[in-house]
Amino acid sequence: MKNPSNQPQAQQPQLPEGFSTESLKMIGVVAILVLAFMNFQVVIDFMITIMVFIYQIVGQNFGITIILFTILIRLITWPLNAQQMKGAKAMQDMQNDKEWQTIQKKYAKDREKLAQEQMRIYRERGINPFGSCLPTLIQFPILFALIPSITYAIGSYPLSVLKLSTSVLFQDITSLVPLNSKFLGMDLGLPERTLIFGLSIPVLALTVAITTYFQTKLTMPPSTGGANDQAAATNQMMTIYMPVMLYFFSVNYAAGLSVYFVTSNILSIVQYAMMGKVNWRNLLPGGQKSQDQKKK
Amino acid sequence: MQKKLLIIGFLLLAALLLSGCTGSTAWPGLATDGENVYLANGQFVHSFSLKDGSQNWQYPLQASKNLLFYSNPVAAPNGLVIFGSVGVEHTLFAINPTKFPQGQVQSVNGFQRFLCSIGLATCPEYKVEEWVFNGAKDHWVASQLVLNNKVFAPNADGNLYILDLNSGSLIKKIAFSGDSGSANRLWGQPVTDGKHIFLTSLDRSVFAIDAETYEVVWKQNLTGAIPGGAAIGSDGMLYAGSLAKQLERFDPETGKHEPVLNTNGWIWGTPAVDGDNLYFGDVDGYIYSYNTKDGKPNWEKPDKLDDEITATPLVRDNDVLVATKSGNIYSINKADGTFKVWREGDKKGKAYTTPVASGDLVLVAYLETDYILVAVDQNGNKQWTYPLGK
């Protein structure tokens with residue numbers, strides 16, 4: 001609609017010079033993070049309350065509670081994960097971009113100019129350099145609160161049972177305590193061990209390591225094959241570090257946390273598959289290399 | 001370089017994330033034998049001289065990530081000190097304090113231990129355990145009961161292990177299953193009237209076994225979990241508080257029981273017995289006094305202190321000392337229930353542990369503060385602390 005009068009239109013609020021909407025988003029995320037960490041116990045209490053609610057619905061089975069709760073968390077963070085994948089893809093596409101590669105070569109010794117050119121390309125192509133990390137940052141309070149929430153709810157120790165009493169909001173949990181921590185023959189409050197041929201095998205921890213390996217491998221973006229494709233090297237390292245780290249964690253801590261890791265890994269693969277981002281070839285021996293060769 | 005930093009940052013972040021569940025799992029355990037005080041706190045159990053707070057010994061000599069100690073150590077009549085681990089290794093230890101080396105103990109770090117294990121170095125060895133018991137499958141949350149040269153050791157795996165005090169050999173294992181077949185988590189220290197041994201479970205049950213034959217005499221279910229132990233009143237009845245917010249009275253012979261006092265919050269600690277009176281607190285911060293003789297509360301209204309009460313009150317001549325989560329220790333007048341702050345906390349430390357008294361000293365253990373243990377005189381004045389000098 002045209003302005004009927006000749007009066008000037010109300011002026012739009014202008015951001016200070018050098019201040020983009022991205023900067024505003026970043027400040028917003030930091031503010032959310034600060035608020036969440038300042039009231040971290042509130043986040044934990046909220047999660048425990050939801051878990052206890054699910055626990056009652058599913059007939060007081062804490063294993064199923066953890067699985068459903070993990071699904072719920074995945075659904076809530078789905079848009080953030082999707083945005084993260086999108087951001088990562090855009091950044092990777094840029095690495096393959098001929099113009100960007102030329103610029104990198106041209107200004108290899110002038111870092112300042114290189115940074116300016118990089119920002120120009122970001123602007124021109126509508127790439128948000130924080131597009132892949134901001135959604136991850138927003139999820140941190142959830143992830144940080146999740147593990148203590150599960151630990152308190154399982155209640156294997158005096159302090160966790162006591163914390164449970166003050167953490168559950170809106171209801172009296174007297175009749176529920178202690179929560180039933182048995183699931184598939186395991187005590188979710190203890191590290192799991194299964195006797196196989198007389199040997200005590202940490203089957204669940206091994207499952208955590210295997211699913212983490214598959215999750216990392218399958219969700220690894222295809223290599224660009226570029227000379228400076230450090231991202232591929234980083235991802236390769238992750239496929240080793242992450243399973244090993246989570247294995248040692250799972251061997252020593254409550255099986256309930258391992259159930260969470262396994263569920264989370266499977267759901268992550270499912271989400272990537274639904275978005276068409278799973279690279280099944282990565283599972284094949286030399287799969288990554290053969291993709292590189294095809295590109296070449 | 002940036003990518004490497006990214007990986008390191010990510011791994012650090014992941015480690016931080018995973019460390020979310022590695023905080024304290026329980027509060028320190030505290031006990032005294034009249035000459036020494038024993039403190040179970042995390043990776044170590046310490047023994048201090050009551051006189052000046054100097055450390056007699058600590059066990060183990062080197063921290064192990066698989067061992068954690070929080071239950072009250074038990075000083076047995078034969079001189080052994082017994083305590084169990086709530087860590088990944090579910091070991092029950094009987095330590096002989098006379099076997100600790102005199103003077104400075106040589107410290108051996110993890111790398112040295114590794115070299116020793118592969119024969120490239122020699123590490124000093126101190127064998128201070130009289131015996132160890134590795135037969136349990138879960139945490140040792142409860143303290144043990146020593147009676148007639150036997151150790152009655154309840155475990156969170158739902159078994160009561162009866163061991164020989166001198167050798168640690170297993171005499172009998174009694175499994176306490178719940179109605180659904182699941183194990184009863186035994187968290188409370190057993191108590192005895194000489195004829196029976198009474199046990200409480202987090203899974204809402206109370207048991208009595210014959211002290212001679214070890215046969216289960218009775219089992220009763222309550223409507224709430226019982227994280228603490230039971231107490232035997234001067235009337236010979238058994239009293240236990242539960243998370244169902246009730247003090248329950250049991251006939252020791254038959255197990256017949258009834259609630260005798262309703263509370264505002266969960267009852268966590270074991271009631272303290274003082275003649276005909278019982279004293280106990282609840283998680284909402286209320287303190288109660290119950291007369292077992294006339295079956296009525298001594299005070300018209302329970303006092304509300306400033307924070308959660310999980311500890312058993314400490315009975316003295318004229319008053320009862322009560323520790324609250326805030327770190328404050330309150331003095332409750334036995335006669336009328338009036339109270340005052342006896343010793344103020346430092347705003348950081350949490351006093352979940354039951355204080356103990358010996359001679360002229362009262363010992364208080366704290367969680368999450370600069371000093372874990374403080375010895376105070378009868379007026380609440382600090383005499384010494386651990387760590388010393390704080």
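Visitor: Why are H2(A) and H3(A) called oblique to each other?
Guide: In this predicted model, the axes of helix H2 (residues 40-57) and helix H3 (residues 62-76) of chain A cross at roughly 125 degrees. Angles of 65 to 115 count as roughly perpendicular and those over 145 as roughly antiparallel. The crossing falls in neither range, so H2(A) and H3(A) are oblique. The two axes come within 9 Å, and the crossing is right-handed.

Visitor: Which residues make the contact between H2(A) and H3(A)?
Guide: H2(A) brings A:Ile50, A:Met51, A:Ile54 and A:Tyr55, while H3(A) brings A:Phe62, A:Thr65, A:Leu68 and A:Phe69. Sorted by class, that gives seven nonpolar residues, one polar and no charged.

Visitor: What makes A:Thr49 partly exposed?
Guide: A:Thr49, in helix H2 of chain A, has 18 C-beta neighbours inside 10 Å. A residue needs 20 or more to be buried and 12 or fewer to be exposed. A:Thr49 lies in between, so partly exposed is the right label.

Visitor: Which residues does A:Thr49 contact beyond its neighbours within four places in sequence?
Guide: They are A:Val168, A:Leu169 and A:Phe170. A:Ala153 is 104 residues away from A:Thr49 in sequence, yet the C-alpha to C-alpha distance is 9.3 Å.

Visitor: Why are H9(A) and H11(A) called roughly parallel?
Guide: The axes of helix H9 (residues 203-218) and helix H11 (residues 255-274) of chain A cross at roughly 25 degrees. Roughly parallel covers angles under 35 degrees, so this pair qualifies. Here the axes come within 9 Å, and the crossing is left-handed.

Visitor: What kinds of residue make up the contact of H9(A) with H11(A)?
Guide: By class there are 11 nonpolar, seven polar and no charged residues. Among them are A:Leu204, A:Val208 and A:Phe214 on H9(A), and A:Phe261, A:Ile266 and A:Tyr272 on H11(A).

Visitor: How is chain A divided into domains, and how many residues are in contact across them?
Guide: Domain 1 spans 23-181 and domain 2 spans 190-296. Between them, 20 residues of domain 1 are in contact with 16 of domain 2. On the domain 1 side, H3, helix H4 (78-96) and helix H7 (134-154) of chain A each give two or more residues. H4(A) has the largest share there, eight residues. That side divides into 11 nonpolar, eight polar and one charged.

Visitor: How do you know whether A:Phe197 is buried or exposed?
Guide: A:Phe197 has 5 other C-beta atoms within 10 Å, and exposed means 12 or fewer, so A:Phe197 is exposed. The residue sits in the loop between strand S3 (194-196) and strand S4 (199-201) of chain A.

Visitor: And what about B:Asn149, buried or exposed?
Guide: With 11 other C-beta atoms within 10 Å, B:Asn149 is under the same cut-off of 12 or fewer, so B:Asn149 counts as exposed. Its place is the loop between strand S9 (145-147) and strand S10 (150-154) of chain B.

Visitor: What makes the phi of these residues worth a look?
Guide: Most residues other than glycine have a negative phi. Phi is positive at A:Phe197, about 50 degrees, and at B:Asn149, near 60 degrees.

Visitor: How do you know that the peptide bond from A:Val177 to A:Pro178 is cis?
Guide: Its omega is near 0 degrees. A:Pro178 lies in the loop between helix H8 (158-167) and strand S1 (182-183) of chain A. In chain B, a cis peptide bond joins B:Tyr386 and B:Pro387, with omega about -5 degrees. B:Pro387 lies in the segment after strand S33 (382-386).

Definitions and conventions. Residues are numbered from 1 along each chain as its sequence is written. Chains are lettered from A and ligands numbered from 1 in the order in which they are written. This is a predicted model: local features need pLDDT of at least 70, side-chain atom pairs count only at pLDDT 80 or more; totals for chains, interfaces and linings use all residues. Axes are lines fitted to C-alpha atoms, for helices over the stretch in contact, and angles run from 0 to 180 degrees between N-to-C directions. Helices (H or I, at least four residues) and strands (E, at least two) are DSSP runs, numbered from the N terminus. A crossing is left-handed if the near helix is turned anticlockwise from the far one by less than a right angle, and right-handed if clockwise. Two residues are in contact if their C-beta atoms, placed from the backbone, lie within 7 Å. Ala, Val, Leu, Ile, Met, Phe, Trp, Tyr, Cys and Pro count as nonpolar, Asp, Glu, Lys and Arg as charged, and the others, Gly among them, as polar. Domain bounds come from an automatic or database domain assignment.
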